[in-house]
Amino acid sequence: MLSTPPADGSDVENEKREFEESGFAETEGVNAETDDENTSIDTEKRIPPLRIVLVEPLYQGNVGSVCRVMKNFGFSELFLVNPCPLEGEARAMSAHAVDVLQNAVICSTIEEAVAGCDVVIGTTGVRALKGCDHVRTPALFPNVLREKMEEFHPDTKFALLFGREDKGFSNEELEFCSMIATIPASHIYPIMNLSHAVGIMVYELSGYSLTGQYKTTAFEDFNALCNHFENVLEDMDFDPFKKEKMALMMKRILARASLTPCEAKTLRGIFRNIQYFAGKAKGEDVSKFKSDIKNQFEGGAFEEEFNLDFVDKMDK
């Protein structure tokens, strides 16, 4: 958590006084403290489990502004990766969202910041120059991202990542993400101010409802599945110059499919089956793959759901 900001909050106090004198404070109080319990409950339900992650923000004014616009649209979970010092300016710019700033979680890595999330969405203002650039394609517009997210199970936890003000994300960081989103700004000047970009995204995503029937596989298990597919390509002696691009393309496809844990396990069973026959064709010891596949499908609901004939036929 952030440490308590300095005691000198004159800028914040001045803004608070101006806000109260403007006449909007009374209106805001009526909206915020409604006696209608059903309205309060419905509003809370419309706020989905979304974590905003700012990666190495450079300017504390931007961080404060992000806090403010997050609270404008009902979001409060903010994680900061190696942020700039957060002092009086950040407090002043956050205005009445200083609680979002104070409760922000400071992390040292992106991996730490997205821990516990199921789907990690990276944002970029740099458009792909060709369709096969899977680092940045497909980059979903905010409204399309919302539609895709609504297909996930209500328990799905999302992390929405925003890069550095000066250089955004590296290719490696974008490859780490499940999906990619972009704002369709003018090609004349597509790179937006950080807080403006966050504002557009949270506006579009506020009030969305997750309606998927089946729980989504966790991000850690999803990554294990994607890494397994890359191992399959290696065992198949896939063209090394195309392997990384193929693996990333598959990651983007699988992410949009909102796989259930059962589906992910099924795919890994199929991958092991491919590895078994690939190794067998090359005269390698493939006993480990046979053992892994049988263990994969043993017991519980998993055994009831799937026909295991293809595993039993492996010796033939």
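Buried means under 20% relative accessible area. That cut-off is applied throughout the views below, which show a predicted model.

**View 1. Lys-243, a buried lysine in helix H12.** Lys-243 has 16% relative accessibility, so this residue counts as buried. Its helix, H12, covers residues 240-256. Which residues does Lys-243 touch, not counting those up to four places away in sequence? They are Glu-230, Leu-233, Glu-234 and Phe-238.

**View 2. Asp-237, in the loop ahead of Lys-243's helix.** Asp-237 sits in the loop that links helix H11 (219-235) to H12. The phi of Asp-237 is positive, near 55 degrees, and the residue is not a glycine. Most residues other than glycine have a negative phi. Is Asp-237 buried or exposed? Asp-237 counts as exposed, because its relative accessibility is 56%.

**View 3. Glu-56, a second loop residue with positive phi.** Here phi is near 50 degrees, again in a residue other than glycine. Glu-56 belongs to the loop between strand S1 (50-55) and helix H4 (60-72). With a relative accessible area of 28%, Glu-56 is partly exposed.

**View 4. Helix H13, residues 261-281.** How far apart are the end C-alpha atoms of H13? They are 30 Å apart. At 1.5 Å a residue, the 21 residues should span 30 Å, so the two values agree. Buried positions in H13 include Cys-262, Ala-264, Thr-266, Gly-269 and Phe-271. Arg-272, Asn-273, Gln-275 and Tyr-276 are also among the buried residues of this helix, as are Ala-278 and Gly-279. In an α-helix, residues three or four places apart point the same way, because there are 3.6 residues a turn. After H13 comes Gly-283, with a positive phi near 75 degrees.

**View 5. A nonpolar surface patch around Ile-188.** Four side chains are shown: Val-126, Ile-188, Tyr-189 and Ile-191. Together they have about 470 Å² of accessible area. Ile-188 lies in the loop between strand S7 (179-181) and helix H10 (194-205). Its relative accessibility is 71%, so Ile-188 counts as exposed.

**View 6. The whole chain, for context.** The chain holds 16 helices and seven strands. Of its 316 residues, 43% count as buried. About 17200 Å² is exposed, and carbon and sulfur atoms supply 51% of that area. Take the contacts between residues at least 6 apart in sequence: 83% join residues at least 24 apart.

Technical notes:
Residues are numbered from 1 along each chain as its sequence is written. This is a predicted model: local features need pLDDT of at least 70, side-chain atom pairs count only at pLDDT 80 or more; totals for chains, interfaces and linings use all residues. Side-chain values use heavy atoms; hydrogens and water are left out. Helices (H or I, at least four residues) and strands (E, at least two) are DSSP runs, numbered from the N terminus. The expected span of a helix is 1.5 Å times one less than its number of residues. Buried means under 20% relative accessible area, exposed over 50%, partly exposed in between (1.4 Å probe, protein chains only). Patches are made of residues with over 30% relative accessible area and no salt bridge: like charges are joined within 9 Å, nonpolar side chains (Val, Leu, Ile, Met, Phe, Trp, Tyr) within 5 Å. Accessible areas come from the Shrake-Rupley method with a 1.4 Å probe; for residues, only the protein chains shown count as cover. Contact means heavy atoms within 4.5 Å.
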